[in-house]
Amino acid sequence: MRETKKRLKVLLEAAFEISFQAMVQIGRDGEIIALNASARELARTIYGRDVTPGEAAAGLLPTEDEDNFSTGFIRALKGDREQERLFAIVTGVDGEEYWVEYLFRPVEVDGVVESVLMAIDDITRRKIAIDEVARSARRYQSLVKNSSDIIIILNREGMVRYVSDTVEQILGYRPRDLMDRDVTDWIFAEDMPAFRNALGRVTSRRGTQFFTQFRFRHREGEWVFFEAVGNNMLEDETIQGLVLNCRDVTERKHYEEMLIKISRQNELILEAAGEGVYGINTDGLITFVNPAAARMMGMRVEEMIGSDHRDVVRQSDENGNLCPEEECLYFAAMNDGNVHTGDGVLFRRADGSPFPVQYIATPILERGRIVGAVVTFNDITERRRAEEDLRRAKEEADAANRAKSEFLANMSHEIRTPINSLLGFLELLDDTGLGATQHEYVSIIRESGRSLLEIISDILDYSKIECGKTDIESNAFPARSAFESPVELFSARASEKKISLVSFIDPLLPHTLVGDSLRVRQVLNNLIANAIKFTPSEGLVMVEIECREKNKTGCRVGFSVRDTGIGIATDKQGVIFESFHQEDNSIARRYGGTGLGLAISSNLVRLMGGEIGLESEKGAGSRFFFELVFGLAEELSPPPAPICESVRKVFLVRFGEKSTVQEEIIARYLRAMAIDFEAPRWGTTLPNEARESLIVADVSLRPEGEILSILKTVPSDCLVLVAEERQRFFLEREIRTGIGLLFMPLTATKVFGALGRTAGESRGSEIAEKHFDTEALFIGKVLVAEDAPVNQTLIRIMLERLGLSVVIAGDGIQVVNMFRDGAYDMVFMDIGMPGLDGIEATARILALEKKESRRHTPIVALTAHALKGERERLLAAGMDEYLSKPVDMGSLRRAVGLYLNRRGDGNPDGPSPDARITELGEAARDLGIDREELRGLIDDFLSSSEEYLGALEESAKEGAPDAMRFAAHRLKGAASNYRLAGLSELSAELEEAAVKGSEAVYEALIEGIRREITRLKSRYRES
């Protein structure tokens, strides 16, 4: 007995070892007693290691399956022989997932469970195969379910065994309504024979396919046209039927019927048409002809059909000779398959008389092959006669106008040539390091020259207007700068003639108007130029522009130019608006001119919806006036009138019994802005209140000694002097700091700028800058990663103003190398650098710190992206702080203050200055102009930004990279001039994208530019 058990044990061990199934024998303590070769191989495949006896068997399963293992193992220890299968998903050493099945069986010796046998199966391939079968089934079901056709399966007798769900959508039946029914019960009786024949043919031959058309009755009773493709799959064990794919072609059938009707209608139209129409085949025989063609050819329709068209039509040249066939357009149409048009070709009638025709030859195509041509023609004898009369009339008109056109063209050329040279040398002059005053003069001259050049480019307006070719544009423009520029343009000319040129431009005008600013300035230029021309020395020219009426959609503006010149006689006032006319010939000899200015101006104003009026008297001056209605921009800046808050009262000193023109204009501006003022006479005692207010004195007619006396008498911090340009050198040499200067011609911008600066706005900014310089200085050395040169300069200046030592790195690789080789207290990291971006550079710096056990250096991200989640993304990348471009001094100082120590005992929690004002002041000093003047220039630039955006969007829409590059370059240059670094950088990116032809990024960059302009508008309104 013992020997038998021993042999049996040996046999079992041998079977255990050679079994293809992985087997593991587990002791009562849960440790592996033995495992066969299959189990060891499976363990190496999954875990990449050898499993040996003595290890815990639970280690063969994932941690989350240990409870299930314990349950199955304990049940087997208790002698439970129920075969419960456990499944687990194990991630192998190769990263793949293995599906494993476990089965426990107790091993009993003499009725006692001494161990547990665990069988393991790798069912991964089986699982994948089952999943693939399931996916294939789902794909098939999805195709059938989502098909727009109806799928029907019939047996040999035509009974429905299956129908897809789409039958309900198309025919209104539920699938069960048709199941096990004869499909012919719903087919139209007339279509039944053809349907049965098709079924019979396909049923008799295995694997064949058929095509048929039939009408199927809808649930509501109407008939639906179907086109069906069928396949014989009776022998396919999975289908065993005839499969029909039925498509609804009812709409197509209706179209075919409509085409038949239309074809008949076309035949009727062809017969009724007034144009001659005939068709020919490739042999040249006429296949059809309409009555009009037969009538024009002097024949009957039946005579022409079937005849050779060469004998009937007989196309001839002007000498009456028949044209070779290869010169005839109908031959060309049949030869190359294109449509050919002829005008003025001669046809010959049946009686031999020629007549001119306009005709079109169109090839007739049948399945891509040319089978003939259609010729449509008209007798143009009357048109030819009318054209000849028109030609003679036009030649006479051209002869009458040729002298005018040549004159205007020559004048345009002669004027443009010196102005082009003038602008070129002004550009060179401006690069020679001019002073602030010189720079201002050059800027005014250059801007005036550009305005003149734009106008002179359209010097042929007269002829364009007469031909109806002048276009009036409608764009948003800054009203004040547009209306003041003509006054500035002619200030030098008025000064040369010793004429007082003054203006009142309503300060309550909307800041941004919509219209054609170039045409308005052209009219004003003409009127002001004429006024100066015809006004003698010591005279006056007054320009007035007022807001007459304003509503939600528009603004009516009145324009007036008044002079004290020679005037115009009443009987001549109508003549001066005619082309090449002046009041009399002596005017042209004495004053020069072409006589075109008023004619052009009158026509331009009329095109803009207005009418020029005239009030004049011989010897008593003239007044030209008109009104125009402008639109309002959607986003208007508030009127530039904040000085009423800082200017409480003005003492407008008079030197004579009557006020000067300049004093009257200033008083008018003050009244318009509701600023309280008095007009005491010089020499009287000024009240003490005057020392707390502003004192304005017109010294344009005062001798230098009297001006010096005024300077000694009046406190310098409340005095504004009104003077002529010729007095500038003397005044700038003699005046003390704090005295305001207001040079003629007087404009709203100059008046309010001078009053505002003297009232303390500029001093306030100086105090803020001084406070900033001395209170918030920091100690440290910072490393800046920035690839854009303009931004490098900007952030260097800003950080140095904070007292820091600054080192610049031009790209990501350079900043990592410089950080490795140096010691810095802080790093500012631009994110959007080419090559190695800011995020990767930060990762390398952090790795370097960890490798070399360095103290962590704070890293501040600099990015133009301000999208939601950007801050979190950058902080997660290891950066310590986040600044969104454009970076202002306030945010930069706050970031530095988080990590670096301040110098001295400054209060870190004290009030910070307005960073926007600080930056504006720095830019103004850099440009050599006043902060308020720069603010006004930036405001005007931003107000006209729609012009730049419109050009960018139009270029993107048309896919024109050259136009895009030019528009982006213009915007970049303008933004750089005003130190708007963020806008300049975005424009540069767009320019570069245009150079590379990267049209995919146009839209995103243009949207970024629009957001930056919106941000700048908001920012400079607040600053």
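# Salt bridges, helix pairs and a few loops

Arg668 is partly exposed, with 22% of relative accessible area. What you're looking at is a predicted model, and Arg668 is a handy way into it.

## Starting from Arg668

Which residue does the side chain of Arg668 meet in a salt bridge? The partner is Glu544, with 2.6 Å from N to O. Arg668 sits in helix H22 (residues 661–672) while Glu544 belongs to strand S19 (residues 540–550), so this pair ties together parts that are 124 residues apart in sequence. Is Glu544 buried or exposed? Glu544 counts as buried, because its relative accessibility is 15% and the cut-off for buried is under 20%.

A second bridge joins the side chains of Glu627 and Arg556, at 2.7 Å from N to O. Here, too, distant parts of the chain are linked: Glu627 lies in strand S22 (residues 622–632) and Arg556 in strand S20 (residues 554–563), 71 residues apart.

These residues also turn up in a bigger picture. Glu544, Glu546, Arg548, Glu549, Arg556, Glu627 and Arg668 are linked in a network of salt bridges. As background, side chains of opposite charge can pair when their charged atoms come close. How many salt bridges does the structure hold? The count is 30.

Another of them has its two ends in one helix. Glu41 bridges to Arg44, and their closest N and O atoms are 3.1 Å apart. Both are in helix H2 (residues 37–47), and because they are three residues apart there, about one helical turn separates them.

Here's how some of these bridge-forming residues score on relative accessible area.

| Residue | Relative accessible area | Class |
|---|---|---|
| Glu41 | 43% | partly exposed |
| Arg44 | 36% | partly exposed |
| Glu627 | 31% | partly exposed |
| Arg556 | 27% | partly exposed |

## Two helix pairs

Now for some packing. Two packed helices are described by the angle between their axes and the distance between the axes.

Take helix H16 (residues 479–489) and helix H18 (residues 517–533): they pack at about 30°, and their axes are 9 Å apart. So H16 runs roughly parallel to H18, a label used for angles under 35 degrees. The crossing of H16 past H18 is right-handed. On the H16 side, Ala482, Phe483, Ser485, Pro486, Val487 and Leu489 make the contact, and on the H18 side it's Ser517, Val520, Arg521, Leu524, Asn525 and Ile528. Sorted by class, the contact of H16 with H18 comes out as eight nonpolar, three polar and one charged residues.

The other pair is helix H28 (residues 812–821) with helix H29 (residues 838–851). Their axes come within 9 Å and cross at roughly 20°, which means H28 is roughly parallel to H29. What hand does the crossing of H28 and H29 have? That crossing is right-handed. H28 brings Gly812, Val815, Val816, Phe819 and Arg820 to the contact, while H29 brings Ala841, Arg844, Ile845, Leu848 and Glu849. By class, the contact of H28 with H29 divides into six nonpolar, one polar and three charged residues.

## Just past H29

Follow the chain on from H29 and you reach Thr857, in the loop between H29 and strand S31 (859–863). Thr857 is a loop residue that is buried, with a relative accessible area of 4%. Leaving out residues up to four places away in sequence, Thr857 touches Phe819, Tyr824, Asp825, Met826, Val827, Glu849 and Asp880. Two of those names should ring a bell: Phe819 of H28 and Glu849 of H29 are among the residues in the contact between those helices.

## Two more stops

Helix H20 (residues 597–607) has these buried residues: Leu598, Ala599, Ile600, Ser601, Ser602, Leu604 and Val605. Right after H20 comes Gly609, which takes a positive phi of about 95°.

Where is Val1001 found? Look in the loop between helix H36 (981–996) and helix H37 (1002–1022). Val1001 counts as partly exposed, at 34% relative accessibility. Measure it against Leu990 and you get eleven residues in sequence and 8.1 Å in space, C-alpha to C-alpha.

Definitions and conventions: Residues numbered from 1 in each chain as written. Predicted model: local features only at pLDDT ≥ 70, side-chain atom pairs only at ≥ 80, totals over all residues. Heavy atoms only, no water. Axes fitted to C-alpha atoms, helices over the stretch in contact; angles between N-to-C directions. Helix = DSSP H or I, 4+ residues; strand = E, 2+ residues; numbered from the N terminus. Parallel < 35°, antiparallel > 145°, perpendicular 65-115°, else oblique. Left-handed = near helix turned anticlockwise from the far one by under 90°. Contact = heavy atoms within 4.5 Å. Nonpolar A, V, L, I, M, F, W, Y, C, P; charged D, E, K, R; others polar. Salt bridge = Lys/Arg side-chain N within 4 Å of Asp/Glu carboxyl O. Buried < 20%, exposed > 50% of the residue type's maximum accessible area, 1.4 Å probe, protein only.
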